[in-house]
Amino acid sequence: MPPIPRRAVVVGANRIPFAKVGSAYRHASNADMLTATLDGLAARYGLAGERLDDVAAGAVLKHARDHGLTREAVLGSALDPHTPAHDVQRACATGLEAILGISNKIALGQAEVGIGAGADSASDAPIVVSEQFRRNLLDLNRAKTPMEKLKYMARLRPAHLVPVAPDVAEPRTGLSMGEHQALTTAEWGITREAQDAYALASHQKLAAAYERGFFDDLMTPYRRLTRDEALRPDTSLEKLGGLKPVFGKHLSAPATMTAGNSTPLSDGASAVLLSSEEWADARGFAPLASVVDAVTAAVDFPSGKEGLLMGGARAIPRLLARNGLTLDDFDFIEIHEAFAATVLATVAALADDDFARSRLGRTSAVGQVDPDRLNVTGSSLAAGHPFAATGGRIVATLAKLLAERGESHHREGPALGLISVCAAGGQATAMILEAK
Amino acid sequence: MSDSYIDLVNSPLGATLAKKLGLPKPVRLRRHAPNQPLTTGPVLILSDDASRLDADAIAAALLPWDLDVRRDTHLPEEQRWGAVVVVLTGITHPGDLVTPVLALGTTLRRLARSGRVVTVSRAAGADLDPAEAAARQGVDGFLRSLAKELRAGATGNGVVLGDGVDATAPSALGALRFLLSAKSAFVDGQFLHVSGPGADNPSWERPLEGKVAVVTGAARGIGVEIARTLARDGARVVGVDVPASGDSLATVMNEVRGTALQLDVTAPDAAERIARHAQERHGGLDIVVHNAGILRDKLLANMKPEQWTDLLAVNIEAPLRMNETFVELAHEGALGRSPRLIGLASTSGIAGNRGQTNYGAAKAGMIGMTRALAPVLAEVGGTANAVAPGFIETEMTARIPFATREVARRLNSLQQGGLPVDVAEAIAFLASPAAGGINGEVLRVCGQNWVGQ
């Protein structure tokens, strides 16, 4: 890739524990959670009253009134109110996109320090009224004469008042994310056993990370929650095996995806402090990692030829190629666990010669993902997945893992880490971080 | 936790009732506020003849503090004494007390609300002439008794000078100023022993300017006020608390423009992590306040093993282990030019408290540790001191059953519980350059609790 003026560094991060939908954070808004997360970050790095160059954040499930979500959160936080902010949205890759945007500004010298963040509440989701009711109300509002008003009022029906609940269905296919993944799961022949074993490992690895205090400087408790609510340290293959499938029940292949090997709907927020090396040096901060490069790819899922959540299998090879790297160069690989099968199918696709030839135009497979380097502290299956907050969670986790590792075990020089986060709309963003 | 009884007895009807029934009549104590005068009225300096030179020197030293310093007991009708300072540094015989003490007696009815009586005397030692020792020790019993006679929020305390410490040494004046000020609102019947000269504060408004302080247990209760008070005095504050209290800690640290470090003080590397954080975020560390503590009240006969071991681990073993590192750092010069280690003791560690054998052991342990550390810190120009709070109004004491709490509150000369800020003020004072000559002391902040010294 062309040389960039300088690299942004990850100074540190903060998130609140992720809650299950309708639980500890059910009365917390995106703005509440984002504000608390910014405050925790400010306290960790002494940023109270400091003016930062920019704060980018977003939410996937967003109320119309929250058009200025990030700026509102900054104003409610301990940061200097002169800190500007803007909102970002790219489905589940929103957090990563926010971090990337701030990193790029820093790389270009347009900013010295900023925050990339994200928040999402599945509990405090916007309720939408029916399209007919909405149109009638707008007409009524525009009506000038009493007769006109009466006409529109007469059109209102009790049935119009039933709210339309938000869902995560793809507008072009009408299929939910789980049903889309079920198609991919069947296509790649990912078994129930493999998914359950994978999910179990995610819980065990996240629990072990908590036990060793890994999150002590990455997390600030919120509303009495001190750990991710989805985490089940004591789950087992038996317990996971006893769950009924919820997706892919109408396919010819056996249904394998359960609530246990799918990521639960969650509430939470995360934030990453990014800066230039100069800014970090001047403050005496020891950065965790630097942001090397990132790619977003998209798949043609509406045609049915590609899996909705398989964008990672396109983004990763593109990113590796332009940086002259292979999968084996990375000490840690973080693939967002939308579903256990998403990770397993992505790993399978990367290792598949046919996939490489037919989809990527390569002569051979991208490579093998070493399971010992994959999601070593667990991921979304155990932590939960408040959509826009996942990017920040993963960047923080990987940056700290890289800082702990220092020199790579697999190549000359500092350890490298790879991230891939799939998103609705058939997209995925991949990013490379390097240990400082 | 508000003390509604104070409001009641300070209302017109309540005051009449309290008087008729002979009930305690506590007043709202005067507390520090920015730009307030040091005392509420003129300051009278009394002395015996042999102490006159020191009294003159102290009077001169007090003038730059914007005080109305008087040497004569005459006071216009409409005025009240803000404070009376009794200088007794030259006494050699108990008979020398008579003139200044009786003169003081004539002023007491004219002492202002939250007025101050402060004695300045010298330490009684076994190497002295018996009469001189009797005179000096006599000040102790006199002052403690007088403090119990004072009313309306007035306190009686003393500064005791060690051998060779000048009456106007920075620490002697620093101690005197603290005891005269509203910052010592809940310090009563106590002596501050000054064993060295100390250093001048850079300013009285921000004595801790340029210092970095760490406060353990900073997420709630007394720790919050300690963080606020140290920050008010100019220090950069690192707040430490267990990860589970991280949200309250973040709020407090953002308020005081400090930094939060989520850390369990019982971790083996706690001190190293604190020192590293302070170095990285603030470029050094000067003041350590061991405030983190837990309660596991139980009669010994009913105590489970972990109720003993958990409490001891947090309240005394953790500070002990951390201090090993801090002492090393102090000797390497990495704890500033005048390192300060300050521990939170408790009157429970002095007088004992039913149901608190574990707490009492830990808090008395804190006192033992402080005294043993003092000479070690003195080698590098630092100090180790402890503050022993009595009944303080916190979330913790608010959970004590009503009747028990009401009684506990009144069992001191000021007939009320102290506030967390009272403890914090004592700590901020001990952390200041002017307290550099005070070492190995246990300063009680208890309103002269009826038990213990």
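This report walks through a predicted model with chains A and B, starting where the chains meet and then moving to strands, helices and charged pairs.

## Where the chains meet

A good place to begin is the contact between the two chains, to which chain A gives 21 residues and chain B gives 17 residues. Accessible area lost on coming together is often used to state the size of an interface. Here, about 1,300 Å² is buried between chain A and chain B, and carbon and sulfur atoms account for 51% of that area. On the chain A side, the most area is lost by Ala43(A), Asp216(A) and Pro221(A), which together make up 36% of what that side buries.

What kinds of links cross this interface? There are seven residue pairs in polar contact between chain A and chain B, while the count of salt bridges between them is zero. Helix α1 of chain A, residues 30-45, supplies the largest share of the chain A side, with six residues. By type, the chain A residues touching chain B are ten nonpolar, six polar and five charged.

## Helix α8 of chain B

Helix α1 of chain A turns up again when we look at helix α8 of chain B: α1 is among the elements covering the buried residues of α8(B), along with α7 (222-232), β8 (236-241) and β9 (259-262) of chain B. Those buried residues are Gly246(B), Leu249(B), Ala250(B), Val252(B), Met253(B) and Asn254(B), within a helix that spans residues 246-255. After α8(B) comes Arg257(B), with a positive phi near 60 degrees.

## Strands of chain B

Chain B has an open sheet of six strands in the order β2-β1-β3-β4-β5-β6, paired in parallel. Strands β2 (69-70) and β6 (191-194) of chain B are at its edges with a single partner strand each, so one side of each has no neighbour in the sheet. Within the sheet, β4 (residues 111-122) and β5 (residues 155-161) of chain B run parallel and are joined by seven bridges. Arg116(B) has Thr155(B), in β5(B), as its bridge partner.

Another parallel pair is β10 (residues 287-290) and β11 of chain B, joined by four bridges. Opposite His290(B) stands Gly343(B) of β11(B). How enclosed is β11(B)? Five of the five residues in this strand (residues 340-344) are buried, so the rest of the structure largely encloses it. Arg340(B), Ile342(B) and Leu344(B) point one way, and Leu341(B) and Gly343(B) point the other.

## A buried alanine in chain A

Ala313(A) belongs to helix α10 of chain A, residues 312-323. Its relative accessible area is 0%, so Ala313(A) counts as buried. Leaving aside residues up to four places away in sequence, Ala313(A) touches Thr346(A), Ala349(A), Leu350(A), Phe355(A) and Leu360(A). Asp370(A) is 57 residues from Ala313(A) along the chain, and their C-alpha atoms are 15 Å apart.

## Charged pairs

Over all chains, the structure holds 38 salt bridges. Three of these pairs are shown below, with the distance between N and O atoms and the relative accessible area of each residue.

| Arg residue | Acidic residue | N to O distance |
|---|---|---|
| Arg65(A), exposed, 55% | Asp66(A), buried, 12% | 3.9 Å |
| Arg90(A), partly exposed, 23% | Glu97(A), buried, 19% | 2.9 Å |
| Arg281(B), buried, 13% | Glu280(B), partly exposed, 24% | 2.8 Å |

Beyond such pairs, salt bridges with shared partners link Glu393(B), Glu406(B), Arg409(B) and Arg410(B) into one network.

Methods
Residues are numbered from 1 along each chain as its sequence is written. Chains are lettered from A and ligands numbered from 1 in the order in which they are written. This is a predicted model: local features need pLDDT of at least 70, side-chain atom pairs count only at pLDDT 80 or more; totals for chains, interfaces and linings use all residues. Side-chain values use heavy atoms; hydrogens and water are left out. Contact means heavy atoms within 4.5 Å. Buried area is the accessible area (1.4 Å probe) that two parts lose on being put together, summed over both. A salt bridge is a side-chain nitrogen of Lys or Arg within 4 Å of a carboxyl oxygen of Asp or Glu. A polar contact is a pair of N or O atoms within 3.5 Å; within protein, one must be able to donate a hydrogen and the other to accept it, and residues adjacent in sequence count only if both atoms are side-chain atoms. Helices (H or I, at least four residues) and strands (E, at least two) are DSSP runs, numbered from the N terminus. Ala, Val, Leu, Ile, Met, Phe, Trp, Tyr, Cys and Pro count as nonpolar, Asp, Glu, Lys and Arg as charged, and the others, Gly among them, as polar. Buried means under 20% relative accessible area, exposed over 50%, partly exposed in between (1.4 Å probe, protein chains only). Two strands pair if DSSP finds at least two bridges between them.
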